[in-house]
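Trainee: Could you walk me through this one and show me how each term is earned?

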Amino acid sequence: MRIEYRPGNYSDIACDLLAYPVFEEEAEDFAPLEPLDRKVRGAVRKALESGAFKPEPYRTCVLFPGTGLRAARLLLVGAGKKARFNPAVLRNVAGTAVRSARAAACRTMTFICRGEHPAGLGARVAAEGAVYADYDAGLYKTQAPGRRELELLHLAPGAAPGAEGEGAEGVRRGIITGEATNLARTLANEPANILTPECLVERARAIPGLAVHALEREEMEKMGMHALLAVSRGSAEPPRLILLEIPGEKGKRPRRGPLHALVGKGVTFDSGGISLKPGDKMEEMKGDMAGGAAVLGAMAALAQLKPRVPVIGLIPAVENLPGGRATRPGDVVRSYLGKTVEIINTDAEGRLILADALAYARTLGAARLLDIATLTGACMVALGKVNAGMMGTDQKTMDLLRRNCPLTGEGLWQLPMDDAYRHALRSEIADVKNIGERWGGAISAAKFLEEFVEDTPWVHLDIAGMDLETDGRPFACKGATGFGVRTLVNWLE
Ligand code: BES
Ligand code: MN
Ligand code: ZN
């Protein structure tokens, strides 16, 4: 799909389909729709008045407008209430239009970026949503089931016809983040027999503009990363600690400011280990590297978007299986930081690999830490599939991330971090144990991580549940969501 910004008059653009977002208020106050309605001889009014089309979010209706437009068809897309309209809704409306166009076998579409956003922002989120919606999760289908391609998407401004340069730059950035999100989705959708820790390294190496270094088992043994290594012991797949950097360009000033580290949980399959999970839905645990995928996607985007601050990515990549050499409940290991951990439950593995990766990030000079992980079922119980859990010590960054949710479309909700939650992690034999009590499990997992970041400002995103779309949406197919890519990119931008 090619995407072009078209600042002129939309009715002059020849295409198979013109997609026009409609607000709920416009069913009563019709005035903003008059110019379009006149061109199509009252067809829009009829669609609304007859009740054939309700402009609730992401509802659609196809009309055949006759000769008044240079588009063969007109697609009305519900944009919901004006007061609730924000860049995240515009992104999804654009995505809905793309999926409708594909379903209707259209090859060219014009989408109107309605709303009061600056042209650059509107174009960016619409392009992002379009690329996201165009994604297909059928990675291993041998016959493309008559897949219909949208070849060309024209993006036209709505209310604020901005400068052409702004719109085109918005499109460029939207394509970059959209594709980076799709990369993260593909990695999480890949089955664990394909996407091993080593394979993840190869996928990282294939990304233009990233320098990739991967620590192997022997090096990690020498360095004493036994929290991470304990998780991979049961698997025949060797572990990797992947380091991603964006090399400076020759002749350019190095990026200034504190080093930011993005750390993503990369469990390529989580069976639970000796503390084996029940079989139901266990296949979903191929996606237990979604945090790592989000870090890789974000770094891929940032390599092109060139943030002003220095940033590195770290992905501890392991497979968690039971086996003759697997870690047992009750085992004690010494972490990279030096703290000893009593492993009570081998299914609480994410925090073990993150503990070593976070401590390692600090030895690399990181002064700001953010980790992202499908860490606890408890977080899903607390927040459902609407918000990821956000915890940490860097309140300023957490406030910023939360403020930008209407822009990224990725919900975040902060959970408390009282010291009282830590007590459950006290061990009789070691410095800390890897699980607390059942209640508040998302928080005790974060309290465990806090032991290893010490006083470095840190944010933790628990994305369990947010990483997987189980129902399918008008703007997204079922499968991995790429959750976190937009939040991380937005933070560093
Ligand atoms: N990867 C899981 C968490 C998870 C569960 C993510 C469901 C997405 C969907 C994690 O490694 C895990 O198993 N957590 C345990 C922790 C418990 C043993 C303290 C959990 O949530 O049950
Ligand atoms: Mn687990
Ligand atoms: Zn896990």
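Mentor: Gladly! We start with the polar contact, a pair of N or O atoms within 3.5 Å. Remember that this is a predicted model, where local features need pLDDT of at least 70, side-chain atom pairs count only at pLDDT 80 or more, and totals for chains, interfaces and linings use all residues. Residues are numbered from 1 along each chain as its sequence is written, chains are lettered from A and ligands numbered from 1 in the order in which they are written, and side-chain values use heavy atoms, without hydrogens and water.

Trainee: How do you know that D270 makes a polar contact with ligand 1?

Mentor: An N or O atom in the D270 side chain is 2.9 Å from an oxygen atom of ligand 1, so the pair falls within the 3.5 Å limit. A polar backbone atom of G377 lies 2.7 Å from an oxygen of the ligand, and one of L375 is 3.4 Å from a ligand nitrogen.

Trainee: Which residues around ligand 1 come nearest?

Mentor: Among the 16 around ligand 1, these are K277, D288, D347, E349 and G377; here, a residue counts if one of its heavy atoms lies within 4 Å.

Trainee: What makes D270 a bridge between the two metals?

Mentor: D270 coordinates both the manganese ion (ligand 2) and the zinc ion (ligand 3), which are 3.1 Å apart. A donor is an N, O or S atom within 2.8 Å of the metal (3.2 Å for Na, K and Ca). Zinc is held by K265 (NZ), D270 (OD), D288 (OD) and E349 (OE) at 2.0 to 2.4 Å, so these atoms meet the 2.8 Å limit. Manganese has D270 (OD), D347 (O), D347 (OD) and E349 (OE) as protein donors, 2.1 to 2.2 Å away.

Trainee: Why is the zinc site called octahedral?

Mentor: Six donors count as octahedral if opposite donors are over 155 degrees apart and all others between 65 and 115; six that fail this are irregular. The six zinc donors, with angles of 78 to 176 degrees, form an octahedral site.

Trainee: And what makes the manganese arrangement irregular?

Mentor: Its six donor atoms subtend angles of 70 to 167 degrees, which makes the arrangement around manganese irregular.

Terms used: A polar contact is a pair of N or O atoms within 3.5 Å; within protein, one must be able to donate a hydrogen and the other to accept it, and residues adjacent in sequence count only if both atoms are side-chain atoms. Four donors count as tetrahedral if all angles lie between 85 and 135 degrees; four count as square planar and six as octahedral if opposite donors are over 155 degrees apart and all others between 65 and 115; anything else is irregular.
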